[in-house]
Amino acid sequence: MAEPVEEPSNRPSDPWGRIKNLKSKRNGSNTWQVVAGSAVLGLVVATGAVLAAGPWDNGQRKAERQLAAAEHPTGGAHHGRRLPGAPEPAPSAPAVLGALDTVTRSAPQDPASLRTALAPLIAAPELGTQVAASVVDTATGKQLYGRGAATPMAPASTVKIATAVAALSALGPDHRIATTVRLSEDGRTLTLVGGGDPTLDTAALRSLATTAAKALGGDGEAPVRLAYDTSRYTGPVRHPIGKNPNIAPVTALMVDEGRLDDSDRGPAERSKDPAGDAARAFAAELTAAGVTVEGEPRAARPAAGARTVATHRSAPLSALVERTLTNSDNDIAEALARQTAIAKGESADFAGARRAVTTELEKLQVPTAGARLADGSGLDRKGRVTPALLTALLARAADPERPGLRPALTGLPVAGFTGTLSTRYRDTTGTPGLIRAKTGTLTGVNSLAGTVVDPQGRLLAFAFLASGSTVPADAEAALDTLATALTGAGGTAG
């Protein structure tokens, strides 16, 4: 029987629910300060600004940043051009929040106080038979709290943090996955070549078909054969858990993650043959574009000498990472792991992805001892990570010297507002918006790893991994209480 896993929410508050119109480019500095500031303003961000169109750049929407950098900026003592004879402008209002620099650099969290706050909470019986934890100051990398921090535990979906960081490190945030159409030298065979983009959709197929039809020339009456190529990936297409509504067969060619309904997240009935279905859908789009397709699509590589006549590129890797983390998207997570394998020269299968991700994490000098990255999604119960590994990865992503890793933080669900945390923390006064974290759930396994701003204004990374729980809802509530304690809500920490 398939393992029950977390079912991401379909709430409209999730800004990353539909990837199709996202365009993103990361290039920031002072990352941990920016993330800390955005968390303090979580309520405002989640209810308004986080839904605005346009990418982020150094903690601001790019459009806002460009406006602020215009030739005649407003605000402060200068209010822009003034017409002759016009009255003097009113003075600017003072900043609502002061800069975090002084506080975050001079008032570190007290580890003893943190231990006192967490000790009774981490012993909660709802968490099960084994609990491990790590809390780190992202600015210094210093561990402030640890309980079995080096103990390998089943991570469930929190392993997606490792997958995301490895992919960003190996490929860069601007990398896009290409799906191409190639035409044989004799002009009689088109081949749809999958690059491993699970977010390919009908609109993309239509665009590819239209472009390919133009490349064929003539009146379109001469029939063409259609082939499709999935050789980009190797090995078994089925995840080790077998057929499961939480993940489609892992193949280099699919449309809408192989979903057979109109959903874009969470469990759904999946195609048994995503690549074949994608090819048949492409054939229909070719027909609509005036191309006569002869026979049924067949699996084959492009003929020698074939040339590329159409290309579709996915959203940037940064956007794919954010969607993966916010919605806990298993299909994209496995694609990210395989893209990392390809970049590292490994085989694009489960084993190659495991080796590639591990190698890339070692390159980042994080503690990988005891880790077994069995898959990219966390569905495989054989996977193991330590809390120390997860907090180290979050700290790397917050490092201002590594702006390319920032999507691993900006994609984390916001407590009480987005993704898999949209329905949690609603009853915790003062907490919604202050915590951003990746959830993880398998039968008897519950985890939570992310970032939080402590009472001193410092950005902390935390990871709580629990196993042996019997009531998932109670275990989740206990994990949420642990994370809340880090904020000092109600005077529980600091």
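The expected span of a helix is 1.5 Å times one less than its number of residues. Helices (H or I, at least four residues) and strands (E, at least two) are DSSP runs, numbered from the N terminus. This is a predicted model, in which local features need pLDDT of at least 70 and side-chain atom pairs count only at pLDDT 80 or more, while totals for chains, interfaces and linings use all residues. Residues are numbered from 1 along each chain as its sequence is written, and side-chain values use heavy atoms, with hydrogens and water left out.

**Figure 1. Helix H10 and its cover.** H10 has 14 residues. Its first and last C-alpha atoms lie 20 Å apart, close to the 20 Å expected at 1.5 Å a residue. Twelve of the 14 residues of H10 are buried (under 20% relative accessible area; exposed is over 50%, partly exposed in between; 1.4 Å probe, protein chains only). Among them are the charged or polar residues Asn330, Asp331, Glu334, Arg338, Gln339 and Thr340. The cover over the buried residues of H10 includes H6, H9 and H11 through contacts (heavy atoms within 4.5 Å). At the start of H10, a side-chain oxygen of Asp329 comes to within 3.1 Å of the backbone nitrogen of Asp331. After H10 comes Gly345, with a positive phi near 75°.

**Figure 2. The turn into H10 at Ser328.** Ser328 lies in the loop between H9 and H10. Ser328 is not a glycine, yet its phi is positive, about 55°. Ser328 counts as buried because its relative accessibility is 5%.

**Figure 3. Glu257 and its surroundings.** Glu257 sits in the loop between strand S7 (225–229) and helix H8 (274–288). With a relative accessibility of 1%, Glu257 counts as buried. The side chains of Glu257 and Arg259 are joined by a polar contact of 3.1 Å. A polar contact is a pair of N or O atoms within 3.5 Å; within protein, one must be able to donate a hydrogen and the other to accept it, and residues adjacent in sequence count only if both atoms are side-chain atoms. Leaving aside residues up to four places away in sequence, Glu257 touches Pro198, Ala248, Arg270, Arg323, Asp329, Asp331 and Ile332. Asp331 and Ile332 are also among the buried residues of H10.

**Figure 4. Asp256 in the loop between S7 and H8.** Asp256 belongs to this loop. Its phi is positive, about 50°, although Asp256 is not a glycine. Asp256 is partly exposed, with a relative accessible area of 29%.

**Figure 5. The largest nonpolar core.** A nonpolar core is a set of buried Ala, Val, Leu, Ile, Met, Phe, Trp, Tyr and Cys residues joined through side-chain atoms within 4.5 Å. The largest has 46 residues, of which Ile161, Leu361 and Leu393 touch the most other members. Elements that give two or more residues to this core include helix H6 (159–171), helix H9 (317–327), helix H10 (330–343), helix H11 (350–363) and helix H12 (387–398). H6 gives the most, with eight residues. Leu361 touches Ala162, Ala166, Val366, Thr368, Leu373 and Leu393, not counting residues up to four places away in sequence. Another core, of 27 residues, lies apart from this one and includes Leu127, Ile435, Leu460 and Phe462.

**Figure 6. Helix H6.** The 13 residues of H6 should span 18 Å at 1.5 Å a residue, and its end C-alpha atoms are 18 Å apart, which agrees. H6 is mostly covered, with ten of its 13 residues buried. Those buried include Val159, Lys160, Ile161, Ala162 and Leu168. Just after H6, Gly172 takes a positive phi of about 90°.

**Figure 7. The open five-stranded sheet.** The strands follow the order S8-S7-S6-S5-S9, with mixed pairing. Two strands pair if DSSP finds at least two bridges between them. Strand S8 (298–299) and strand S9 (307–313) are the edge strands, each pairing on one side only. Strand S6 (residues 189–193) and S7 run parallel and are joined by five bridges. Leu190 has Leu226 in S7 as its bridge partner.

**Figure 8. The whole chain, for context.** The protein chain holds 14 helices and twelve strands. Of its 494 residues, 54% count as buried. The chain exposes about 20500 Å² (Shrake-Rupley method, 1.4 Å probe; for residues, only the protein chains shown count as cover), and carbon and sulfur atoms supply 52% of that area. Among contacts with a separation of 6 or more, 71% join residues 24 or more positions apart.
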